[in-house]
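Me: Some questions about how the labels on this model are justified. Please set each value against its cut-off.

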Amino acid sequence: MILRFNEVSKRFQDGSVALERVSLEIPRGQFCVILGPSGAGKSTLLRLVNGLVLPTEGVVEFDGICVRPHTMGRIRPRIGMVHQQFHLVPRLSVLKNVLTGTLPILSTLRALLGLFPMQAQRRACRLLAEVGLGEEHLYRRASQLSGGEQQRVAIARAFMLEPQLVLADEPVASLDPQTSRTVLKLLRSASAQHGATVLCSLHQTDLALEFAERVIGIQQGRVIFDAKPDELDASMLESIYLTRESEARQT
């Protein structure tokens, strides 16, 4: 297993519960989608993996390493990230944005001066070609790109350090349906080509059914579904997206 959650709970200081007693195992090479409404705990689940959030209870393990502040130096270079809002540097070129994916292993001086090794530059160009961005895009500023093109750049950046795991937090939430499908197809293709596991949070059920190998449904911080997409029926979807307001009306 590349990733394991063992009885993981997360409660914030205001008393809100983001996750409650979540136990999951994610095998290597799987394209796994976390499905659920806003506020269900999807983003918290992903942030627990890269150490941005620490569990209140339970243990998160990445490739046998317990995720803790003192272990993140070993873990973070092996995890790629694709964000909802792209997180590109608008003034930098496409190429340099992809090269920032090497910052976890680059010295501070080289990072400040933008001195990226030639080998890294070649890899960045190859990855950009894989997501459909050719030489004509290399020196364009990220601010000049469409949303779909920016997310292609973000996918290329995520694979710069040959990650074992890619975390994609609502990667198509701000894109139109056609572009969303293109981006998820590229993400799935890149993960298969590079042998990476993908843990991707979505709220679009049609995309989860189309692209996932496995769907994990979360409602109010609890896992209520965990199976292949073809086992996800209308009744379960209704349960996953049942809001607190709906529950209150039924009681």
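Me: Which helices do the buried residues of helix 5 pack against?

Reply: They pack against helix 3 (94–99), helix 6 (147–158) and helix 7 (177–194), where contact means heavy atoms within 4.5 Å. The model is predicted: local features need pLDDT of at least 70, side-chain atom pairs count only at pLDDT 80 or more, and totals for chains, interfaces and linings use all residues. Residues are numbered from 1 along each chain as its sequence is written, and side-chain values use heavy atoms, with hydrogens and water left out.

Me: What makes residues 118–130 span what helix 5 should?

Reply: Helices (H or I, at least four residues) and strands (E, at least two) are DSSP runs, numbered from the N terminus. The expected span is 1.5 Å times one less than the number of residues. For the 13 residues of helix 5 that gives 18 Å, and the end C-alpha atoms are 19 Å apart, which agrees.

Me: Which residues of helix 5 are buried, and why are they said to line one face of the helix?

Reply: Buried means under 20% relative accessible area, exposed over 50%, and partly exposed in between (1.4 Å probe, protein chains only). Ala120, Arg123, Ala124, Leu127 and Leu128 are buried. Seen down the axis of helix 5, these buried residues fall within an arc of 135°, so they line one face; the arc is that of the directions from the helix axis to the C-beta atoms. An α-helix has 3.6 residues a turn, so residues three or four places apart point the same way. The face turned away from the buried side carries the exposed residues Gln119 and Ala129. Just after helix 5, Gly132 takes a positive phi of about 85°.

Me: How do you know that Cys32 is in no disulfide?

Reply: A disulfide is a pair of cysteine sulfur atoms within 2.5 Å, and a search of the whole structure finds 0 of them. For Cys32, the nearest cysteine sulfur is that of Cys200, 9.2 Å away, so the pair does not meet the cut-off of 2.5 Å.

Me: Why is Cys32 called buried, and why is Cys125 called partly exposed?

Reply: Cys32 has 0% relative accessibility, so it counts as buried. Cys125 has a relative accessible area of 31%, so it is partly exposed.

Me: What makes a set of residues a nonpolar core, and which members touch the most others in the largest one?

Reply: A nonpolar core is a set of buried Ala, Val, Leu, Ile, Met, Phe, Trp, Tyr and Cys residues joined through side-chain atoms within 4.5 Å. The largest has 51 residues, of which Ile155, Phe159, Leu187 and Leu202 touch the most other members. Leaving aside neighbours within four places in sequence, Leu187 is in contact with Phe31, Ile155, Phe159, Val166, Ala168 and Val198. A second, separate core of 28 residues includes Leu24, Ile26, Leu48 and Ile75.

Me: Why is Gln204 called buried, and where is its place?

Reply: Gln204 has a relative accessible area of 15%, which is why it is buried. Its place is in the loop between strand 8 (197–202) and helix 8 (205–211). Not counting residues up to four places away in sequence, Gln204 touches Leu35, Glu170, Val172 and Ala173.

Me: How do you know that Glu7 and Arg21 meet in a salt bridge?

Reply: A salt bridge is a side-chain nitrogen of Lys or Arg within 4 Å of a carboxyl oxygen of Asp or Glu. Between Glu7 and Arg21 the N to O distance is 2.7 Å. The pair links distant parts of the chain, with Glu7 in strand 1 (residues 3–11) and Arg21 in strand 2 (residues 17–26), 14 residues apart. Glu7 is partly exposed at 33%, whereas Arg21, at 58%, counts as exposed.

Me: How many salt bridges does the whole structure hold, and what is the case for Asp206 and Arg181?

Reply: The search finds 11 salt bridges. In the pair of Asp206 and Arg181 the closest N and O atoms are 3.0 Å apart. Asp206 lies in helix 8 and Arg181 in helix 7, so this salt bridge ties together parts 25 residues apart in sequence. Asp206 counts as partly exposed at 38%, and Arg181 as partly exposed at 28%.

Me: Why is Arg214 called buried, and which residue does its side chain meet in a salt bridge?

Reply: Arg214 has 12% relative accessibility, so it counts as buried. Its side chain meets that of Asp226 at 2.8 Å, N to O.
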